[in-house]
Amino acid sequence: MINRRSFNKLLLGATALSFAACNSLATTLLELPKGKHRVVIVGGGFGGAAAAKYLRKYDQDVEIVIIDAKKEYHTCPFSNAVIAGMENIDFIKQDLTALATKHNVKVIYEKVKKVDGATNSVILENGSVISYTKAIVSPGIDFKYEKGYIEGSELHSPHAVIAGEQTILLQKQLEDMKDGGTFVMVAPKDPFRCPPGPYERISLVAHYLKNNKPNSKIIVLDQKDKFSKQGLFTNGWKELYGDLIEWRAADFGGKVVSVDPVKRVVETEDEEVVADVLNYIPNQKAAKLAFDSGLTDGDWCPIHPKTFESKLVKNVHVIGDASVAAPMPKSAFSASTQGKVVALQISRILKDIAPINPPKLANTCYSLLSPNYGISIAAVYEAHDDKIISIDGAGGVSPEVDLDGHIRLLESKYAYAWYAAQTEDVFK
């Protein structure tokens, strides 16, 4: 029979063994592989996954490690279709399995505490330290909690900007809303993730209400006076939904003074707006990791455009929503093309080859106003020493007028094809 003293000895021994195993893992990862470079990628969304996959295409020898806290990733693209009941949550679920099994990428599911530029290492919350030759950081966004919308408010008035649990919550609130109720969205100031996203969401919520709760209404309280693809959206709203949607610009009744997310009451400069469902989308900034790693100046991460290397921390390249890459929007496609360009540039730098000059980047975005009504915008960019510029004559938007409706129908089909191609390209 084991006594307390023996048990304590065993417990201490097990603890020491566990600690040694953790230290062994950390030590193994800390030291760079002999004769090899290691690129550590933080963030497994469109930007990070694309960077990992394409870096492997460009360099078969470099060691690639990608770190993300989540084993499953739900995409912002098509999350609005889930909210409106057009698709289920599994439709937007992706993972990093193929990176490990097909592309020889080491995948670690842990939370990152900090990227330490002074020691060229990534520090995990569990204490492990992973050194790198180069780091690619795609940390995403965080929110400015203000005007009464605080951390935890999303449980009552979800923003659903980060797809997953809040997508399901907002969908459930919409389903539970009474016929004749009011759906209120507060749309954020620029810049924010996926500029057309709030307006696609409004469109698809309107589609759901028209078909299921036709006596309801939608009020959009916008914190700005114009938005992406505005003419295409407002024309589509009128054509599809009549007066169901009321959009208020910031200077014409939309500016929010305060919000009670529990009671779902929004106070503007002119009145008090009571919602049955409140979709409050806060103003945004780079994720906390970017701040903790010293990558931010103000709300976002300044970069050298040609390589996306941080202007503040050497050997760390910041891509995706957190980076200052205007006029590129903060979108999934932007993140993926940035990931590909950075992968190419790093592969060349590690081989002592000059980076591509100037690299080309792109963005393409489809938005659904109903299952059979789509619109799009596309642009091509060049990255120069001090800025990114749009290339005149490359890209464009959907035509304002579609007399017989065939273009809108085709673009709704293209939207699904775009999503399938994009996720295949990045995650498979």
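Buried means under 20% relative accessible area, exposed means over 50%, and partly exposed lies in between (1.4 Å probe, protein chains only). The model is predicted, so local features need pLDDT of at least 70 and side-chain atom pairs count only at pLDDT 80 or more, while totals for chains, interfaces and linings use all residues. Residues are numbered from 1 along each chain as its sequence is written, and side-chain values use heavy atoms, leaving out hydrogens and water.

**Exercise 1.** Find where Arg 264 sits and describe its backbone and exposure.

*Solution.* Let's start with a general point: most residues other than glycine have a negative phi. Arg 264 is not a glycine, yet has a positive phi of about 60 degrees. Next, place Arg 264: the loop between β14 (256–260) and β15 (265–268) holds it. Strands are DSSP runs (E, at least two residues) and helices are too (H or I, at least four), numbered from the N terminus. Finally, Arg 264 is partly exposed, at a relative accessible area of 24%.

**Exercise 2.** Work out the strand order of the open sheet that contains β23, and find its edges.

*Solution.* First, two strands pair if DSSP finds at least two bridges between them. Three strands follow the order β22-β23-β24, with antiparallel pairing. β22 and β24 (388–397) each have a single partner strand, so they stand at the edges. Now look inside: six bridges join β23 (residues 373–383) to β24. Ala 378 stands opposite Gly 396 in β24.

**Exercise 3.** Which bond joins Asn 357 and Pro 358, and where does Pro 358 lie?

*Solution.* The peptide bond is cis, with omega about -5 degrees. Pro 358 lies in the loop between α9 and β22 (360–370).
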